[in-house]
Amino acid sequence: MPKVEKPKNVTSPDITERKRAEEELKLRAQLLDGAIDSIFLQDFDGNFIYVNEAAGKAHGYSRKELMKMKLRQVIAPERVSRLDSGFQEMLEKGQVIFESVHLRKDGSIMPVAVHGRTIESGGRKLLLTVIRDITERKRMERELQKRSEQLDAQNEELQSQAEELMIQKQELIEKTEEVERANKLKSEFLANMSYGLRTPLSVIIGFSQLMIDGVPGKINAEQKQCLSDILDSSQHLLNLINEVLDLSKIESGKVGLKLENIALPEVVESLTKTMMPILAPRKQSLDIEVEKGLPLVRADKAQLRAVLFNLLSNATKFTPDGGKLKIEVVRDDIWCQVSVIDNGIGIEKENQERIFEPFCQLDNPLMEKKKGTGLGLAVVKQIIEKHGGRIWVESEYGKGSRFTFTLPLARRGGKNTNRRSEQ
């Protein structure tokens, strides 16, 4: 028990009065036996005058055992000094509140909240201490602390990951810009090269044709065949150069679209006349199916005709004599969906992903001698995407193909605000 200064100016009661007061306190204390907190009443000499039932259960002692002990005996040794200062503070202020650690009979520790105050009974001051077991609260605090530390660690990890993602994003942006610059340089190189090759090729084609026609003089059959081969090869090479030039112009952004509101049925109908000389010799048919009330589309008319002509030309090349071709046009929300369908030889599944790549050429048993440049569909894809649409193919090998692309519908009141299409 701490050496605290005894209260002054207090008249010592006689023994009978003290006993009477203690009995009265004990009688009142019996009312506290139902409390869940531990309650201790002691004098300033450290002797227990009363402990309730809960105090015994909490500390693992019987009430009788506790009554023979002093409060410091159930306190962890390192906390005894806090008890002494607490008693002194209680004497000075009348009450004190703090946390401490008690020891149970089995040696286990019990964190507690202490609320002590002085009371006066029979002319003397006594110490009333209410002690609450806060084991569960401390466990929860530790759990919360642990969880908080885990969250802090996770937050640091997420922050680190976010920083890493930002670095990767910046690297990706830089690499993308580098690829775009390289792609633009490639397109410009191809364009310049194509321009340089077209002039001598045109000369070769022109003079070959003149010699075949006999303008410079007569030639024999063998010479004429050689010149025909030169002419065919030169024209094929010129077609390749022209398509390379078209693709490089689109990729380098040198081709702008002249967008206008177009009645698509009229464009489709005009193509039937263009395709007839190609379809008729092979007895192929072309059907047109356009959804009624189809709104105007926002597109470059010349480029749109080129797209349709390219797809129809491919369809007729890969469709046997007597085959059927079809153009189907329907509305799909704010888009117009155009399909070019044939019942030709179709495309194998492994080739369907790469046919829009430049220089992709598929074997065509229907045309063994002449092959395309492999750039037509690449150019078509670039044109459609420049309009803001997309293109894809659905095909079953041996049964035909369906090439479908989308175009934006014209908005009411004039121009479509699709800025990607206006570039």
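This is a short tour of the β-sheet in a predicted model, with one helix that lies across it.

Start with the whole sheet. Select the five strands and follow the order β2-β1-β5-β4-β3; the sheet is open and its pairing is antiparallel. Now colour residues 48-51 (β2) and 95-103 (β3): these strands stand at the edges, and each has a single partner strand, so one side of each is left without a neighbour in the sheet. Neighbouring strands in this sheet are turned by 25° against each other on average, with direction ignored.

Next, go to the β2 end. Select residues 38-42, which form β1. Three bridges join β1 to β2, and the two strands run antiparallel. Show Leu41 and look across to β2, where Tyr50 stands opposite.

Keep β1 in view and add residues 124-133, strand β5. The pairing of β1 with β5 is antiparallel and has five bridges. For a reference point here, show Phe40, which faces Thr129 of β5.

Move on to residues 109-121, strand β4. Between β4 and β5 there are 10 bridges, again in the antiparallel sense. Which residue of β5 is the bridge partner of Arg117? Select Leu128 to see the pair.

Finally, select residues 80-93, helix α4. The helix lies across four strands, β1, β3, β4 and β5. Show α4 together with β3 to view their relative direction: α4 runs at about 160° to this strand.

Definitions and conventions: Residues numbered from 1 in each chain as written. Predicted model: local features only at pLDDT ≥ 70, side-chain atom pairs only at ≥ 80, totals over all residues. Heavy atoms only, no water. Pairing = 2+ DSSP bridges. Axes fitted to C-alpha atoms, helices over the stretch in contact; angles between N-to-C directions. Contact = heavy atoms within 4.5 Å.
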